[in-house]
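Reader: I am new to this structure and would like a close look at a single part of it. Could you take one helix, and explain with care how it sits among its surroundings?

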Amino acid sequence: MSKNRTYYGLLGLHPSASVIDIRRAYWELSKQYHPDTTELPATVATAKFQQINEAYATLSNPERRLSYDTKIGYSRFGVIQAPTDLNHPAPKSHDFSKSMYLDASDRPLSAGEIFVLFVLGLTLVGCVLVAIAVAVIRGDSNIPAQVNQPQITHISQLPTTREIKITF
């Protein structure tokens with residue numbers, strides 16, 4: 001397949017493009033070729049828009065993308081070459097920020113997300129404290145009430161067998 005006939009060529013990307021790059025290229029091209037927003041004839045715009053959607057549907061799904069890469073003969077797994085001089089490190093390391101494996105969800109939390117987690121934690125602690133306060137104020141406890149037992153201070157106060165009363 002030629003470069004322009006692949007999904008990557010259609011989106012204007014290299015096969016090693018990251019998930020973020022694919023999404024960005026899709027959004028730009030979809031705005032450009034959407035039949036409602038373009039100056040192109042409706043038939044041309046619709047055909048181009050469908051091609052872009054098909055490319056994005058394949059490249060945004062990791063399993064389908066791997067299958068497609070195999071089909072076009074692109075290998076994402078490069079062979080690591082040993083440096084010619086083992087006493088010195090390789091001059092330039094690989095830039096992993098452009099890797100396909102950089103998932104959009106694999107990123108540090110933003111300040112807003114950290115704030116929301118903080119508020120949720122405070123809410124949880126507040127609810128527990130309110131529940132404890134209500135239980136203390138109402139006098140509720142999970143300990144069952146003790147059965148009223150007569151207090152015996154002298155052996156002469158022990159009931160005889162005839163005097164025992166059983167109440168429920």
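Author: Read along the sequence, this predicted model follows the pattern α-α-α-α-α, with five helices and zero strands. The part I would choose is α2, and a few words about the whole protein will help to place it. Of the 168 residues, 17% count as buried, and the protein exposes about 14300 Å², of which carbon and sulfur atoms supply 61%. Among the contacts with a separation of 6 or more, 57% join residues that stand 24 or more positions apart.

Helix α2 takes in residues 19–33, and its 15 residues should span 21 Å at 1.5 Å a residue, which agrees with the 21 Å between its end C-alpha atoms. Which residues of α2 are buried? They are Ile22, Ala25, Tyr26, Leu29, Ser30 and Tyr33. Because these residues cover an arc of only 130 degrees around the axis, they lie on the same side of α2. The face turned away from that buried side carries the exposed residues Trp27 and Lys31. As for what lies over the buried residues of α2, the cover includes α1 (7–11), α3 (42–59) and α4 (62–72).

The helix also has a part in the largest nonpolar core, which holds 15 residues. Within this core, Leu11, Leu13, Ile22, Ile52 and Leu59 touch the most other members, and Ile22 is also one of the buried residues of α2. While α1, α2 and α3 each supply at least two residues of this core, the largest share, five residues, comes from α2. Leu59 gives a view of the surroundings from another position: leaving out residues up to four places away in sequence, Leu59 touches Tyr7, Tyr8, Leu11, Ile22, Arg65 and Tyr68.

The salt bridge belongs to α2 as well. The count for the protein comes to one salt bridge, and it is formed by arginine 24 with aspartate 21, whose closest N and O atoms are 3.5 Å apart. Because the two residues are three apart in helix α2, about one helical turn separates them. Arginine 24 is partly exposed, with a relative accessible area of 45%. Aspartate 21 also counts as partly exposed, at 21% relative accessibility, a value to be read against the rule that buried means under 20%.

Turning to the neighbours of α2, helix α4 can be described in a similar way. In α4, the residues Arg65, Tyr68 and Asp69 are buried. Seen down the axis, these buried residues fall within an arc of 100 degrees, so they line one face of the helix. The buried residues of α4 pack against α1, α2 and α3, whereas the face of α4 turned away from its buried side carries the exposed residues Glu63, Thr70 and Lys71.

Helix α3 is another neighbour, and two of its residues show how it relates to other parts of the chain. Threonine 58 lies in α3 and counts as buried, at 9% relative accessibility. Leaving aside neighbours within four places in sequence, threonine 58 is in contact with Tyr7, Arg64, Arg65 and Tyr68. Glutamate 54 has its place in α3 too, but it counts as partly exposed, at 44% relative accessibility. Although glutamate 54 and tyrosine 7 are 47 residues apart along the chain, their C-alpha atoms are separated by 8.2 Å.

Between α2 and α3 there is a loop, in which leucine 40 is found. At 37% relative accessibility, leucine 40 counts as partly exposed. Neighbours within four places in sequence aside, leucine 40 is in contact with Tyr33 and Ala45, and Tyr33 is among the buried residues of α2.

For comparison, one may end with α5, which takes in residues 111–138. At 1.5 Å a residue, its 28 residues should span 40 Å, which agrees with the 40 Å between its end C-alpha atoms. After α5 comes glycine 139, whose phi is positive, near 80 degrees.

Technical notes:
Residues are numbered from 1 along each chain as its sequence is written. This is a predicted model: local features need pLDDT of at least 70, side-chain atom pairs count only at pLDDT 80 or more; totals for chains, interfaces and linings use all residues. Side-chain values use heavy atoms; hydrogens and water are left out. Helices (H or I, at least four residues) and strands (E, at least two) are DSSP runs, numbered from the N terminus. Buried means under 20% relative accessible area, exposed over 50%, partly exposed in between (1.4 Å probe, protein chains only). Contact means heavy atoms within 4.5 Å. Accessible areas come from the Shrake-Rupley method with a 1.4 Å probe; for residues, only the protein chains shown count as cover. The expected span of a helix is 1.5 Å times one less than its number of residues. The arc is that of the directions from the helix axis to the C-beta atoms. A nonpolar core is a set of buried Ala, Val, Leu, Ile, Met, Phe, Trp, Tyr and Cys residues joined through side-chain atoms within 4.5 Å. A salt bridge is a side-chain nitrogen of Lys or Arg within 4 Å of a carboxyl oxygen of Asp or Glu.
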